[in-house]
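Got the viewer open and a hand on the mouse? Here is a stop-by-stop walk, with something to select at each point.

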Amino acid sequence: MKKKILACLLILFPILSLGLAKADTEKTKYVIASDSSFAPFVFQDSSNQYTGIDMDLIKAIAEDQGFEIEITNPGFDAAINAVQSGQADGIIAGMSATDARKETFDFSDSYYTANTILGVKESSTISSYEDLNGKTVGVKNGTASQTFLTENQSKYGYKIKTFSDAASMYDSLNTGSIDAVMDDEPVIKYSISQGQKLKTPIAGTPIGETAFAVKKGSNPELLEKFNKGLANLKANGEFQKILDKYLASDSTTTSSTADETTVWGLLKNNYKQLLSGLGITLSLALISFVIAIFIGIIFGIFSVSPYKSLRLISEIFVDVIRGIPLMILAAFIFWGIPNFIESLTGQQSPINDFVAGTIALSLNSAAYIAEIVRGGIKAVPVGQMEASRSLGISYGKTMRKIVLPQATKLMLPNFVNQFVIALKDTTIVSAIGLVELFQTGKIIIARNYQSFKMYAILAVFYLVIITLLTRLAKRLEKRIQ
Ligand code: ASN
């Protein structure tokens with residue numbers, strides 16, 4: 001067993017460490033993580049740009065204090081993870097400075113005070129927490145609202161359903177699969193002002209001051225700059241202007257446009273974003289598949305090797321990778337490993353989300369390809385190997401010249417199949433915040449709540465791409481055969 005674990009680490013470590021970037025000690029630019037949809041704090045405007053109080057505020061502070069920022073919007077839970085694992089230097093996402101969070105984050109001075117509040121459909125009869133008995137309340141994972149719900153669950157007897165993003169939560173409320181949602185008061189009120197048919201029957205509960213945060217003990221200078229910048233913006237009136245822009249009753253900022261209610265409108269308004277998501281999806285699938293073929297063939301050949309140790313290595317690789325769900329593998333590589341390295345070395349070692357996604361997909365496909373290769377080689381009658389060896393031809397040469405050419409023909413259809421699976425699996429790695437096609441769709445839905453039409457568009461996109469690529473692969477296959 002010990003041998004197995006050691007061999008497994010030996011296989012995985014060099015592959016995983018490939019994508020790890022060296023941490024910068026001297027920072028010239030800060031990566032700031034945020035929510036993907038939390039209007040009016042952060043949301044996409046009609047031209048698909050992230051905007052909102054938090055976006056304007058951090059940009060104004062960066063300008064005031066003379067530092068550069070790169071903003072990522074993977075969603076609240078993912079943004080929290082990003083800061084904890086060193087992928088990002090700070091988080092600004094309408095985040096409440098709760099006591100529990102103060103254990104792991106250092107917070108800036110407050111720039112807002114928000115309550116958590118219950119939102120129900122306009123037609124709902126729920127008018128008190130007692131009415132929630134037996135009902136299901138939706139909440140975003142990792143939020144202060146979730147803590148509030150968990151703490152009061154036994155008192156009121158509701159069920160809690162957690163969501164990774166606001167779009168799926170509000171969609172579930174609209175479709176009736178949950179009875180209520182718990183979210184920040186300005187957020188629910190803003191969506192009502194944007195035409196969402198919701199109401200807030202119970203007064204909100206304070207959950208803490210809204211503030212910018214860094215990982216406890218990291219980037220103290222960034223926190224200091226934030227505080228100084230905030231004070232300056234408050235003094236010169238800029239901060240109030242930002243608040244008024246999004247919160248004043250005559251505010252003109254909206255998170256959706258009128259013509260996003262038709263399929264044509266959705267396509268017209270979002271085609272650039274969708275194509276860029278598609279580009280990421282295709283790159284992820286293609287690059288990871290090429291790497292997977294390479295690794296898969298090596299392990300596949302190992303699995304039929306006359307040497308026991310090689311067979312063992314291959315067996316461990318296939319068992320370990322096939323035994324871990326892809327989403328966990330991606331999360332482990334993206335958040336887990338940098339976090340582990342930091343705890344060992346004290347140095348932040350963030351890994352790029354595309355690299356992490358590619359490694360996860362490559363390893364996953366490689367395990368299946370190794371099995372395809374093993375099956376293909378095994379399907380070539382053993383007599384051929386024996387006959388060749390009895391003629392004095394070496395094992396390697398027999399493999400290359402006699403067994404592999406025949407096995408390859410048998411494997412080709414399975415390779416095509418595996419590629420289609422890999423392409424579909426790219427949607428799973430969106431969990432680490434990678435904005436591929438599926439995540440792009442979810443971000444668009446978070447803005448306009450057109451889930452039926454948007455998911456239908458996504459389904460057609462995947463269907464067309466997979467059909468085209470399968471046809472192409474079949475043609476290639478015929479040619480090779
Ligand atoms: N207000 C939420 C929290 O602090 C943040 C969010 O949902 N973006 O948990």
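Before you click, one term: a residue is buried under 20% relative accessible area, exposed over 50% and partly exposed in between, using a 1.4 Å probe and protein chains only. With that in hand, select Asn219: at 10% relative accessibility, it counts as buried. Asn219 sits in the loop between strand E11 and helix H7 (220-235). Check its backbone too, since phi of Asn219 is near 45 degrees, a positive value in a residue other than glycine.

A word on what you are looking at: this is a predicted model, where local features need pLDDT of at least 70 and side-chain atom pairs count only at pLDDT 80 or more, while totals for chains, interfaces and linings use all residues. Residues are numbered from 1 along each chain as its sequence is written, and side-chain values use heavy atoms, with hydrogens and water left out.

**Zoom out**

Show the whole chain. The C-alpha trace spans about 90 × 50 × 45 Å along its principal axes. You should find 16 helices and eleven strands; these are DSSP runs numbered from the N terminus, with helices (H or I) of at least four residues and strands (E) of at least two. Of the 481 residues, 49% are buried. Take contact to mean heavy atoms within 4.5 Å. Among contacts with a separation of 6 or more, 76% are between residues 24 or more positions apart.

**Select 76-84**

This is helix H3, and it is mostly covered: seven of its nine residues are buried. Colour Phe76, Ala78, Ala79, Ile80, Ala82, Val83 and Gln84 to see them. What do these buried residues of H3 pack against? Their partners are strands E1 (29-33), E5 (90-91), E6 (105-121), E7 (136-140) and E11 (205-215), plus helix H11 (326-345). Step just past H3 to Gly86, which takes a positive phi of about 85 degrees.

**Select 39-40**

Ala39 and Pro40 are joined by a cis peptide bond, with omega about 10 degrees. Pro40 lies in the loop between E1 and strand E2 (43-44).

**Select 353-379 and 395-425**

Two packed helices are described by the angle between their axes and the distance between the axes. Here, helix H12 and helix H14 pack at about 145 degrees with their axes 8 Å apart. The axes are lines fitted to C-alpha atoms over the stretch in contact, and angles run from 0 to 180 degrees between N-to-C directions. On the H12 side, the residues that meet H14 include Leu361, Tyr368, Ile372 and Gly376; on the H14 side, look for Met399, Leu410 and Asn414, among others.

Now keep H14 and add helix H9 (residues 263-303). H9 and H14 also pack at about 145 degrees, with their axes 11 Å apart. Their contact is made by Thr281, Leu282, Ala285, Leu286, Phe289 and Ile301 of H9 together with Leu404, Phe415, Gln418, Phe419, Ala422 and Leu423 of H14.

**Last stop: Gly433**

Follow the chain on from H14 to the loop before helix H15 (437-448), where Gly433 lies. Is Gly433 buried or exposed? At 7% relative accessibility, it counts as buried. Leaving aside neighbours within four places in sequence, Gly433 is in contact with Pro74, Asp353 and Gln439. To finish, draw a line from Gly433 to Ser124: they are 309 residues apart in sequence and 34 Å apart in space, C-alpha to C-alpha.
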